[in-house]
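Subject: Handing over the structure

Hi,

Here is the structure I promised to pass on to you. Have a look at it first, and then read my notes underneath.

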Amino acid sequence: MTHSVEKIGGTSMSQYQHVLENIWMRPRSVNGAETSLYRRIFVVSAYGGITNGLLEHKKTGEAGVYALFAEMDDGRSWQSRLQDVLNAMLAVNMGIFGSGGLNNDMVRKRADQFISSRMADVRDCLEHLEAVCSFGHFQLDDHLHRVREMLSAMGEAHSAYNSVLLLRQHDVNARFIDLTNWRSDTQMSFSDHILKAFQGVDLDKEMPIVTGYTQCREGLMRTYDRGYSEMTFSKIATMTDACEAVIHKEYHFSTADPLLVGADNVKPIGMTNYDVADQLANLGMEAIHPRAAAGLRKKNIRLIVRNTFEPEHQGTEIRRDYCSSTPKVEIIAGTRNVWALEVFDQDMVGDATHGQKMADLVFESGVRVLTKDFNANTVTFYLKGNKRRINWLMDRLQQVYADADIRVEKLAMVSAIGSDMKVPGLLQSAAGALSDAGVNIHSVHQAMRQVDMMFLVSDADYATAVKALHSRLVEQADIWQQQQTA
């Protein structure tokens, strides 16, 4: 008998009724065989917005509990933010279990007590840490990564515990598997923690609901940050020998963002490979974290991305060995708020080692490099990171390269991606589409493997560029290729 490991994203989790009806209570076939409700392991994310409140907003950067605590201001604003997050969690509980009836009220009280107790523990821990770090022998920076891990654990523990209560109300034998290691005096490795958690679990009779966060010696957030739930999902799949891994999201894995291009103009990709998933991850739009995908790829576990709200649709399958039968663009994706940091230095001409310190400083800054280009006397890094880190990097570069001219410009990156894009004239067509739409190209990148093509454009032109490329390379692809071969 085989089983699947399935991850449910935060936006989907917030639509708990759809998750209940379309996923948990809906048996689906595995390898063509109809299954019962069981033989499925579910890894759940926090409800939408909760992790943003606990850490910081993933897109806007608005400070959450972690970011406010790290500032250590005298106002202790983190405390009120923590209470705001708890109130949001209790509101979620009311929405799920507050529909009336003694049983619902009793279940809601259990849910409230569970998360209120944990959040009280968090408050006590942070207050004690504040007191300890007021002494010069203890530095807050030495403990912040642990604070970040502890806060992250709250969101997934909340959603997983609620999910078990909800499923048991519907006569499903759900089992809460808490990987947060809460109030434990031992600390295991990532692998050992997973193995121990699943000892004695009977997949024929139990539906495990697992926290997306795993506390372990390695410290998942130090390496993967907000990708930790996908690492947990991948690790469980590989260590339990799952036949397939499924990610349930609010949208299909589509040819472009439907909010930009229009829902009627996009379509599910249907089939692609891990190479495409890696290129998307580089843009911060991952279907799955690249390190999580690497484990599935190595074990040859097929990955399926499905739409929570269209349960009849088979979704998009990501395979190790897939290659498009016809070379084509499969998806148009991109990212805004890209910082183009340009270093012009006449001294680098003919000196192969001149830029070594430059690369070290970029790494030290903690910003993410999307791509870079260089010529005889200029290096340009295209970076993702907050402005504070970019400014720090500029200052350090100017100190080391005193005679260099250094400037930064805010751009956007739009990329055409496919498992095989070896189409004659593709670059010309893409550039023409952008030109026809009035978009000026600041830089273009295409590797010899031809699985992606990146255009750097003005940040204000981002949406226009995505629409133009999708229209020409995806919606009108058949017409254009016929013209090329005519």
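Below is what was found in it, going from the sheets to the loops, cysteines and empty spaces.

First, some ground rules. This is a predicted model, in which local features need pLDDT of at least 70 and side-chain atom pairs count only at pLDDT 80 or more, while totals for chains, interfaces and linings use all residues. Residues are numbered from 1 along each chain as its sequence is written, and side-chain values use heavy atoms, with hydrogens and water left out.

**The mixed sheet**

Helices (H or I, at least four residues) and strands (E, at least two) are DSSP runs, numbered from the N terminus. Two strands count as paired if DSSP finds at least two bridges between them. As background, strands of a sheet pair through backbone hydrogen bonds, either parallel or antiparallel.

One open sheet is made of 8 strands, with mixed pairing, in the order β3-β4-β2-β1-β5-β7-β8-β6. Its edges are β3 (174-177) and β6 (271-273); each has a single partner strand, so one side of each is left without a neighbour in the sheet. On average, neighbouring strands here are turned by 25° against each other, direction ignored. For such angles, axes are lines fitted to C-alpha atoms, for helices over the stretch in contact, and angles run from 0 to 180 degrees between N-to-C directions.

At one edge, β3 runs parallel to β4 (residues 207-211), and 4 bridges join the two. A174 has M207 as its bridge partner in β4. At the other edge, β6 is joined to β8 (residues 316-319) by 3 bridges, again in parallel. There, M271 stands opposite E317 of β8. Strand β8 also pairs with β7 (residues 302-307), this time in the antiparallel sense over 3 bridges. In that pairing, V305 stands opposite T316.

**The antiparallel sheet**

A further open sheet has 6 strands in the order β10-β11-β9-β12-β14-β13, with antiparallel pairing. Its edge strands, β10 (368-374) and β13 (441-446), each pair on one side only. The twist from one strand to the next averages 30°. Strand β13 pairs with β14 (residues 452-458) over 5 bridges in the antiparallel sense, and the partner of I441 in β14 is V457.

**Two loop residues to look at**

Most residues other than glycine have a negative phi. R39 has a positive phi, near 60°. You will find R39 in the loop between α2 and β2 (40-44). Is R39 buried or exposed? At 12% relative accessibility, R39 counts as buried (buried means under 20% relative accessible area, exposed over 50%, partly exposed in between, with a 1.4 Å probe and protein chains only). N300 also has a positive phi, near 55°, and sits in the loop between α13 (290-298) and β7.

**Cysteines**

The structure holds 0 disulfides, a disulfide being a pair of cysteine sulfur atoms within 2.5 Å. C125 is partly exposed, at 35% relative accessibility. C323 is partly exposed too, with a relative accessible area of 45%.

**A cavity and a pocket**

Both were searched for on a 1 Å grid over the protein atoms alone: a cavity is a set of points where a 1.4 Å probe fits but cannot get out, a pocket is an open set with protein on both sides within 12 Å along at least five of seven lines, and lining residues have an atom within 4 Å of a point. Grid points are joined across faces, edges and corners, and a volume is the space filled by probe spheres set on the points.

There are 2 cavities of 30 Å³ or more. The second largest cavity has a volume of about 30 Å³ and is lined by Y16, W24, Y47, I96, N162, S163 and L166. Two or more of these lining residues come from each of α2 (16-24) and α7 (144-169), and α7 gives the most, with 3 residues.

The second largest pocket holds about 600 Å³ of space. Its lining has 24 residues, of which R146, E149, M150, Q187 and Q215 lie nearest its centre. Both α6 (102-132) and α7 supply at least two residues of this lining, and α7 gives the most, with 6 residues.

Enjoy exploring!

Best wishes
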